[in-house]
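Please load the model in the viewer and display the backbone together with the side chains. The tour below proceeds one selection at a time.

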Amino acid sequence: MSLDKVKRRDFLKIMGWGGAGATLVGCDMPTTVTLEEGKEEVVSYLAPEEFVIPGIGVWYASTCQQCPAACGMHGRVREGRVLKLEGNPDSSVNAGALCQMGQAGLQGHYNPDRVTKPMARKGGTLVEISWSEALAMLDEKAGSKSGLNGDRMAWVTGAVSGHQSVMINAHLASVGSRNHYVQEVVNDAVWRAVCSDMLGSSNPLLRLDKAGVVLSFGADFLGTWGSPVHFASQYSKFRTSPRGTLVQVEPKMTLTGSNADLWLPARPGTEGVLALGIAHELMTAHGITNVPAQFKELISGYGLNRVAEETGLSAEHIRRAAKLLKDSAPSLVLAGASAQGHEHGYQCVAAAMMLNIMLGNVGKTIEAGSEVPFNQMRPNTGGSRDLLTFAEALDKDGYDVVFFYGANPVYTAPEALKMADKLGKVGFKVALSQFEDETTAMADLVLPLASTLEDWGTHVSAVQTGAAEISVQQPLMEKLYADTRGFGDIMLDMLKMRKSNAYSGFDDYYAYLRNAIKNMPAGSKKNATADDWDKALQTGLLAVNGKSGALTSRSVNIDMPKTDSNQQYPLHLIPSARLGLWDGRHANLPWLQEAPDQITKIVWDSWAELHPKTAARLGIKQGDNIRITSSQGSIEARVYLYKGISQDAVAVPLGQGHEGYGRYAKGIGVNPLKILNPATDRKTGELALFGTRVSVSAGSSNGTEALVRLGGSETQVGRKLVATISADVFERTEGGA
Amino acid sequence: MSVTQHFSTGRSTFCGLKRTSQDRKVPGPVAFLLFCLALLMMSAPVFAAGTVPGAVAPPDTFNGDDVAQPIEFPHDIHAKVNQINCMYCHTYARRSKVAGIPPTSKCLGCHSIIATDKPRIKQLTEYWEKNEPPKWKKVHDVPDFVHFTHEKHLKRFVFDNDEMPVERVSEVCAFCHGEVKEMTVAKKTKPLTMGFCRRCHEANNGPFDCWKCHK
């Protein structure tokens, strides 16, 4: 059959046959994925290690750097590329698990917006320079001949621990400076202060797994408090045989709150009042008399009716919470972000801790922790106070040289602190960074860091696990960019500029770490052997003999202020953090942007969460664009209506609203930190993160953009996809069986 | 290793039809019919009883491009003239999903002594002395969403096949790679499409679940 003479009839015949084989022949079409020969390169090893087999991964141990918990991590490396990260089963922090932030560490490493070359500000813009030029600039400004005076230099970092902390301290000491600001917006700084004052240890060991009931005042331990991975594993034990009860008190539902048996949206700022009310109920109705005299009088003023009125909760709920604490002992009371983020935050947390003392939890569910014996290596977890003290110091005398590492104050500081303006007055700003974030973009010298998967380090977890462990970070693959350098390597270069004698023996940070671990006193190592270093690299961990001290039960003054109402700004602003974008540091990782918020299921955006009743009162509908105004400024976002929020609050998530930080982060959503009042907790000086009052009005335009949600429907549209039964019907028909 | 790009050139092969100058002149509807015919021919291949015991060799053919390599590696001299087993160099085939390009050190294992005066070996030695492996061009590939493993195929046709001596492994390799021992540099002579895989799995009782290959 000649092809150009095909008739209509023949064509139909052909199609008829084709129908029978259609499912088969479809497989022979090289569709859009046409793999042409000779287009890709394939390169062999020059001389491979014996154990390397292309196509089969080799796992190396390292340490996750996505949050201060420093989980142990295993990375699968294939053909010289790291491809997958998992938890290290031997780590006491995460016992083999790794959260989504940890998994997304790969995208920080392979991020297309990495800084790949040193840059210096020339004529107002950052231009690429060579390392020799960069080091010469450093030597001129901060070397031993620079005449830099200790008071004129500062380090601004995120939480640090291990030998990185030792290096920073050594550099500060070499210049004679004590100015180290450790800035973390998502923190448990007030909890630590209260633990230190009342229990005699800032970092006690919490045993959720031993508790029968956990009462948490805004401690989102499954999401953003301490180490969510560590607590999730404790939580699973807490929830099994017998099943523990979780009571969560918070103004906006967190991941932990959504798992609670009883969720109480106390009016923001009244967490302490509620704690005192529960204490009152425990004393009067449950005969708990183990109350320090100092508290007795205070508690007596917080009767059920007063507390119900101030917190906006029903008396019945308060009674139930108190009864649970008594009946399901041992209990554990925690306090986190939404309890500590007020001007009287310390008082709220102290009132919660007082419940622990009353209920006899100290020694049962709160145990003495174990600390690494080397003070300098312990985690320096910092807090938001150092944002304020840094801004004050810049105002007062300023600095000649400031180093930035792992902190982004231009993004995290409230607008009221005028951080960007103040930084402009610093003579020489040096950013050690993987990315061009807002602070790095203002620097005079940018030193490109190797990624956390290419670098050496040692870390001590910020979370207390009961085991003193040093977690080793080692490169999982060769550097992607030849002109990036490890943090420790840069520090060694800078230290050599100040004190060449002490550090000249170390060619690089690897040599320094190896020497440090080799020379660690044998008595401090657990199971010390001759090949400690090899073992540490294989397991990723170095167990040491921890130091611990007994816990005390001390009282502090609790002075709970009367809650006030505010006519001009009737609502409380909740800058809510989530496991994902965290404080905004992960906004440049598309996996975490794409992973929906655990409560609202919204992706790639900011939103304003409101209670449906509040919205109805204000005439606001789902999806409306609203303007949220504080005394410091305003932001706009679309409304998401949800009942999991106090009627007195509006919540805007942290993490978006970047003006820089690469293609994935830039220009998405708003940053609620910008409109915070710079008020502080009176006792600790921590930023009162949840203490800002706002008003809500219609936004500038409704436009056409909608919030993008995974799912999209709140109901089953009558399809009974999941069969449900009400509790009382269940009780009547199947309960007690 | 250089980062590879899978989607760089878009679709330019269409069952290999578009390559001849004659086809380019064919008007649209007729080209479509030609395509239908081609599909029909492929849908009913004839499986010839092969020489590999306990196996049916796939009969499909494909006329691939000639690919210029950095060194014109003569497969014929190695595999045919000198009778070197395929797995001597592609040693990972029995252990891994990929057969692997032999490490440069393996080439030098022989060629630091043998045929050192030949131009191609001089070229190879230059690479070795620069500490740089040659950047070969990939000839055989399947998409990233296909999980193909050499290890399992060799197990089925050679190591678990009592009648098949390992010395004759090249006949099994030829199922998908064609008669490489007749070539200098490799050329794609089998279509490696899903239909090709599927028909062979059918003829040889291979697994048929979607997820066996699309994991």
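A residue counts as buried if 20 or more other C-beta atoms lie within 10 Å of its own. The model is predicted, and that criterion serves for the first stop.

**Stop 1: A:Asn408.** Select A:Asn408, which is located in the loop between S15 and helix H15 (409–412) of chain A. Is this residue buried or exposed? With 26 other C-beta atoms within 10 Å, A:Asn408 is buried. Next, add A:Thr439 to the selection: A:Asn408 and A:Thr439 are 31 residues apart along the chain, yet 5.4 Å separates their C-alpha atoms. Setting aside neighbours within four places in sequence, the contacts of A:Asn408 are A:Asp437, A:Glu438 and A:Thr439.

**Stop 2: helix H4.** Move to residues 131–142 of chain A, which form helix H4. Twelve residues at 1.5 Å a residue should span 16 Å, and the end C-alpha atoms of H4(A) are indeed 16 Å apart, so expectation and model agree. Colour A:Ala134, A:Leu138 and A:Ala142, the buried residues of H4(A). Viewed down the axis of H4(A), these buried residues fall within an arc of 40 degrees and therefore line one face of the helix. An α-helix has 3.6 residues a turn, so residues three or four places apart point the same way. Rotate to the face of H4(A) turned away from the buried side to find the exposed residues A:Ser132 and A:Glu140. Among the elements against which the buried residues of H4(A) pack are strand S5 (119–122), strand S7 (153–157) and helix H17 (487–498) of chain A.

**Stop 3: helices H5 and H17.** Keep H17(A) displayed and add helix H5 (residues 162–175) of chain A; the two pack at an angle of about 20 degrees, with their axes 10 Å apart. This angle makes H5(A) roughly parallel to H17(A). Their crossing is left-handed. To view the interface, select residues including A:Met167, A:Ala170 and A:His171 in H5(A), which meet residues including A:Met491, A:Met494 and A:Leu495 in H17(A).

**Stop 4: helix H6.** Finally, select residues 189–199 of chain A, helix H6, where nine of the eleven residues are buried. The buried set includes A:Trp191, A:Arg192, A:Cys195 and A:Met198. Which elements cover the buried residues of H6(A)? They include strand S13 (331–335), helix H12 (337–340), helix H13 (345–358), strand S14 (366–367) and helix H14 (385–396) of chain A. Just after H6(A), inspect A:Gly200, which takes a positive phi of about 80 degrees.

Note on methods. Residues numbered from 1 in each chain as written. Chains lettered and ligands numbered in written order. Predicted model: local features only at pLDDT ≥ 70, side-chain atom pairs only at ≥ 80, totals over all residues. Helix = DSSP H or I, 4+ residues; strand = E, 2+ residues; numbered from the N terminus. Expected span 1.5 Å × (residues − 1). Buried ≥ 20, exposed ≤ 12 C-beta atoms within 10 Å, placed from the backbone. Arc of directions from axis to C-beta. Contact = placed C-beta atoms within 7 Å. Axes fitted to C-alpha atoms, helices over the stretch in contact; angles between N-to-C directions. Parallel < 35°, antiparallel > 145°, perpendicular 65-115°, else oblique. Left-handed = near helix turned anticlockwise from the far one by under 90°.
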